[in-house]
Amino acid sequence: MALVRIALAGEGGQGVQSVAEILAEAAYNENKQAIYIPNFGLEQRGGVSIAFIQVSDSRIGAPKFNKADVVIAMSHRAVARTATYSDKNTLFVYDDGFDVDPEDLPKEAKQIIAMPAINTANNELHPRVFNIIIMGAVIGLTNVVSFEAAKEALEHKLGSKFEKNPDLRELNFKALEIGKQLAENALKEGVAR
Amino acid sequence: MLKVVEETKKAFLTGNETIAWAALAAGADIMFGYPITPQNEVMHYWTRLAPKYGRDFLQTEDEISAGFTVCGAVQAGKKAFTATAGPGNVLMQEPFGMAEAMRLPIFAVIQQRGGPSSGTVVYSQQEVALTTYGGNGEGFRIVYSTATHQEIYDYTIKGFNVAWKYRWPTFLLGDGYQAKMREPLEMYDPEERGIKLEPTYPLVGLPGKIGEDREPQHLCNIYSLEEELYDVVTRLAAEYEKIVPELIEWQEHSCEDADIIILTHGIVSRAADDAVKALRAQGIKAGYFRPITLRPYPAQQLREAIAKSGAKKLLIAESSYGQFERLTKQEIYGETIKIETLYMPGVGIVDYDIINKVKSVL
């Protein structure tokens with residue numbers, strides 16, 4: 001597998017960093033090379049939280065990157081903040097639940113995709129699993145990890161909560177599956193630029 | 001003592017977590033510290049792990065105290081260390097200087113952050129000058145600049161050993177990225193790998209009566225006479241210079257026929273390695289040279305790499321504004337190779353940045 005660079009961005013509390021960590025760990029568990037680094041400066045207090053993930057079969061160089069293969073902007077502010085990571089090879093994904101100023105969208109992208117993750121979480125599942133929908137979307141867009149590895153990593157991370165409430169397991173796995181489908185559908189229907 | 005790593009195992013950790021595990025595996029007795037980003041998690045993980053293995057921790061009132069308590073603990077024969085960054089590194093220069101003067105085997109981890117002054121809590125390579133030559137002294141220190149989590153693990157173990165073997169203050173120079181990122185590494189028991197852990201011993205309070213059973217143990221760091229200090233510093237310099245060949249470490253490849261040698265240290269060398277491979281694939285003869293020890297500096301090895309390649313240019317790339325370049329220039333004084341620079345203070349450098357710079361100067 002060639003190097004895949006992913007930037008996930010959102011508001012504090014949306015679970016950006018948790019998802020990034022679970023994804024990177026899932027890739028590591030599949031014996032891939034993986035690096036995950038958060039932006040950890042003062043800006044994360046009240047600013048946009050960004051996670052940088054890289055997955056590859058071979059050794060990975062610098063921990064951050066200028067341009068990503070996939071950017072997912074999970075909040076309104078995150079769109080403008082992450083446009084800089086997009087170039088002509090980037091899949092730029094944002095949630096269709098907010099009105100984005102076209103000026104804020106990246107000037108260059110392979111494809112710009114609006115995805116109804118927040119609405120789906122709120123109306124069909126539970127607001128809490130919004131970030132797991134995003135995790136599923138990353139898999140649908142990139143195949144950086146297998147669906148099974150992602151489920152295992154979720155089980156590893158949330159196992160104790162699943163034990164107490166088995167419904168949570170079902171909810172999370174369903175969110176993962178829906179996120180994957182949303183991304184696959186969006187890829188087909190997305191607005192190409 | 002309870003074994004820390006029973007069997008060699010793969011792990012997916014942050015750099016700070018790696019340091020805590022490696023210090024345990026190296027047999028460290030105690031950490032002294034004061035919180036500062038981006039090294040905080042070294043303390044957090046150490047305080048979680050240490051009690052399980054009978055090790056200790058003390059949070060002091062500030063970094064000056066953390067540095068001096070490490071100086072005290074090693075005199076009592078304890079394998080002690082600290083970790084700090086930025087302004088904390090500034091405050092620790094006083095105890096670090098004392099450790100140079102008294103030949104104290106202290107080990108300190110520096111996770112560089114941005115400056116001047118408080119700067120940012122994030123990444124930079126701006127503590128090179130401070131860590132190599134800070135303090136009112138001559139820089140009698142050993143400084144390892146790491147690039148991967150595997151190296152963080154390896155050189156933390158080595159750092160304790162080198163400190164106790166040679167009795168100079170020893171440093172692991174990391175940065176905010178290395179501190180916070182997660183990547184895979186292999187953890188092992190050093191003795192299973194045939195790495196002997198240097199024994200520790202008390203430097204003061206020794207048995208026997210002074211004058212009868214033994215000579216007095218003078219660990220002095222204040223001198224009344226100018227001439228006395230002259231003698232001491234001259235002796236320290238000779239002792240330090242004598243062991244330089246045993247300490248120097250570096251990495252080098254593709255220099256034999258290089259037109260341009262790319263010189264980097266620490267995490268930036270990962271980007272340099274990628275850049276050299278990409279440039280070679282495009283038919284541009286680039287070479288890679290990376291000092292692992294910044295003190296002592298592999299000056300002779302770099303001079304030889306320049307000589308054998310016949311390279312016309314040396315590109316120095318660093319996430320600071322010339323600290324690494326100045327360090328290099330003083331070490332290779334007299335070389336006539338043209339030096340180009342890529343200064344990116346406070347931000348990361350990726351292969352793309354280096355490739356573009358090389359193309360613009362060739």
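Domain bounds here come from an automatic or database domain assignment, and the model they are applied to is a predicted one.

**View 1. The two domains of chain B.** The assignment splits out domain 1 of chain B at 9-187 and domain 2 of chain B at 251-361. Measure up the pair by their C-alpha centres and you get 27 Å between domain 1 and domain 2 of chain B. Where they meet, 21 residues of domain 1 of chain B are in contact with 20 residues of domain 2 of chain B.

**View 2. Domain 1's side of that contact in chain B.** Four elements of chain B, namely α6 (128-133), β6 (142-145), β7 (170-175) and α8 (176-180), each put at least two residues into the side of domain 1 that touches domain 2. The top contributor is β6(B), with four residues. Sorted by class, this side of domain 1 of chain B comes out at nine nonpolar, 10 polar and two charged residues.

**View 3. Helices α3 and α4 of chain A crossing.** Over in chain A, the axes of α3 (residues 117-124) and α4 (residues 130-142) come within 9 Å and cross at roughly 130°. That angle is neither over 145 nor in the 65 to 115 range, so α3(A) and α4(A) count as oblique to each other. The crossing of α3(A) past α4(A) is right-handed.

**View 4. Residues between α3(A) and α4(A).** On the α3(A) side, the contact uses A117(A), I118(A), T120(A) and A121(A). Helix α4(A) answers with F130(A), I133(A), I134(A) and A137(A). Counted by class, this contact of α3(A) with α4(A) has seven nonpolar residues, one polar and no charged ones.

Notes. Residues are numbered from 1 along each chain as its sequence is written. Chains are lettered from A and ligands numbered from 1 in the order in which they are written. This is a predicted model: local features need pLDDT of at least 70, side-chain atom pairs count only at pLDDT 80 or more; totals for chains, interfaces and linings use all residues. Axes are lines fitted to C-alpha atoms, for helices over the stretch in contact, and angles run from 0 to 180 degrees between N-to-C directions. Angles under 35 degrees count as roughly parallel, over 145 as roughly antiparallel, 65 to 115 as roughly perpendicular and the rest as oblique. A crossing is left-handed if the near helix is turned anticlockwise from the far one by less than a right angle, and right-handed if clockwise. Two residues are in contact if their C-beta atoms, placed from the backbone, lie within 7 Å. Ala, Val, Leu, Ile, Met, Phe, Trp, Tyr, Cys and Pro count as nonpolar, Asp, Glu, Lys and Arg as charged, and the others, Gly among them, as polar.
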